[in-house]
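Please look through the structure shown here before reading on, and keep it in view while the text moves from the single chains to the place where they meet.

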Amino acid sequence: MTVLREVTTVVFLVSGLGFMLVGVCGIVRLPDAYHRLHASSKCSTLGLLGLLLGAAVHIGTPEAVMKAVVTLVFAFVATPVGAHVLAKSAHASGMRQWEGTLSDELAEDQDDAAA
Amino acid sequence: MSRRLVLNVGLAGIYLVWADERSWLGVLVGIAIGFVVISVYDLSTGLPVYAVRLFRLVRFGAYFLAVLVRANLQIAWEIVTPGFRQTPRILRYPVAHLTAVQKTVFANCITLTPGTLVVDVTPDGGLLYVHCMYAEDRATAITELRKLDERLQREVFS
C-alpha cells in the first residue's frame, strides 16, 4: 500500500514537473506573444494539477485533499483569466505577430471602428 | 447546476463539522446525505432528475480533463520538434446568447482546450476574439468552438 502510494506520488509529481518544464521551454521557444501564452496557460495549469495531486496523495488526509481541490478550482479559474488579460494587452500594445499568422479579425474590426 | 454541486459539497461540509467527523467515510456519508436531500427536493418540485444532471457534469469534467491533457501534449509536441507548423488566426466568435457567468466559463474552457486562446472580448460582450493555432480553414475552427459551446450548454448549464 505504501509502495503504491509512493509510486502514484512520484508519477504525479514527475508528470506535473514535466508539463511545467515544457511550458517554460515553450515560453522561450515559440515565435510570438500569443503562442507563448498558449504554452504558459495550458502547461502551468496541468503542471499544477499534477503537483497538487501528488502532494494530496502523499499526505493523504481529508484536509490536505480539500485544500488541494480548492487550490485547483481557483487555479483553473485564475490562470486562463490571467492569460486573457496578457493576450488583450499584448494586442492592445501592438505586439509583433508571427509572420505566418493568416488573419487578424480583431485588428480588422478595430480598423473598421476607427474608420 | 453548478449551484447544486456547491450546495451538495456545502451540505457535506456542514455534516462534517456538525458530526465532528474527520474521516473519509464521513466525507462520503456527507456527500451522500447532500445528494439525497437535493434529489428529493428536485423530485418534489418537478425539476430534472439530479442524478442525471450530476452524471452529465462529471462526464463533462472527465472530457475536459482529457482535452486539457491533449492540449498539453499537442503544445509539448510543437515545442520539442524543430520548426513551426502552426497556421494561426485571430477569429471572432459570437457569444451574445450566453450570460456573463457562462461567457467567463466558456472563455476559460476555450483557453484550456487545444490550440485556442481568448484574446479579447468586445465591450458589450457580444463577440469573443479567439487566437487559434491551427486554423488553416476558418470554418473548421469555428465549428470546433461551436461544438465546445454546445457541449457546455448541454452538460453544465442545463
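The paragraphs below take up confidence, then each chain, then the shared sheet and the contacts.

This is a predicted model, in which local features need a pLDDT of at least 70, side-chain atom pairs count only at pLDDT 80 or more, and totals for chains, interfaces and linings use all residues. Residues are numbered from 1 along each chain as its sequence is written, while chains are lettered from A and ligands numbered from 1 in the order in which they are written. The model as a whole scores ipTM 0.79 and pTM 0.80. The pLDDT, which is the predictor's confidence in each residue on a scale from 0 to 100, averages 85 in chain A, where 98% of the residues score at least 70. In chain B the average is 83, and 99% of the residues score at least 70.

Chain A contains 4 helices and 1 strand, where helices (H or I, at least four residues) and strands (E, at least two) are DSSP runs numbered from the N terminus. Along the sequence these elements follow the pattern α-α-α-β-α. With a radius of gyration of 19 Å, well over the 13 Å that the globule rule gives for 115 residues, chain A is more spread out than a compact globule; the radius is taken over C-alpha atoms, and the rule is 2.2 Å times the number of residues to the power 0.38. The C-alpha trace of chain A spans about 65 × 25 × 15 Å along its principal axes. Among the elements of this chain, helix H1 (residues 2-29) has the highest mean pLDDT, 90, and E1(A) the lowest, 72.

Chain B is assigned domain 1 (2-44) and domain 2 (50-155), with bounds that come from an automatic or database domain assignment. The centres of these two domains, taken over C-alpha atoms, are separated by 32 Å. Helix H1 (residues 2-18) of chain B has 17 residues and reaches 24 Å from its first C-alpha to its last, close to the expected 24 Å, a span reckoned as 1.5 Å times one less than the number of residues. After H1(B) comes B:Asp20, whose phi is positive, near 55°.

The two chains share an open sheet of 4 strands, in the order E1(A)-E1(B)-E3(B)-E2(B) and with mixed pairing, where two strands pair if DSSP finds at least two bridges between them. E1 of chain A and E2 of chain B stand at the edges, each with a single partner strand, so one side of each is left without a neighbour in the sheet. Strand E1 (residues 103-104) of chain A runs parallel to E1(B), joined by 2 bridges, and A:Asp104 stands opposite B:Ile90. E1(B) and E3(B), by contrast, run antiparallel and are joined by 6 bridges, with B:Arg89 having B:Cys132 in E3(B) as its bridge partner.

Beyond the sheet, how many residues of each chain are in contact with the other? There are 30 residues of chain B in contact with 35 of chain A, contact meaning that C-beta atoms, placed from the backbone, lie within 7 Å. On the side of chain B that touches chain A, H3(B) gives the most, with 7 residues.

Definitions and conventions. Two residues are in contact if their C-beta atoms, placed from the backbone, lie within 7 Å.
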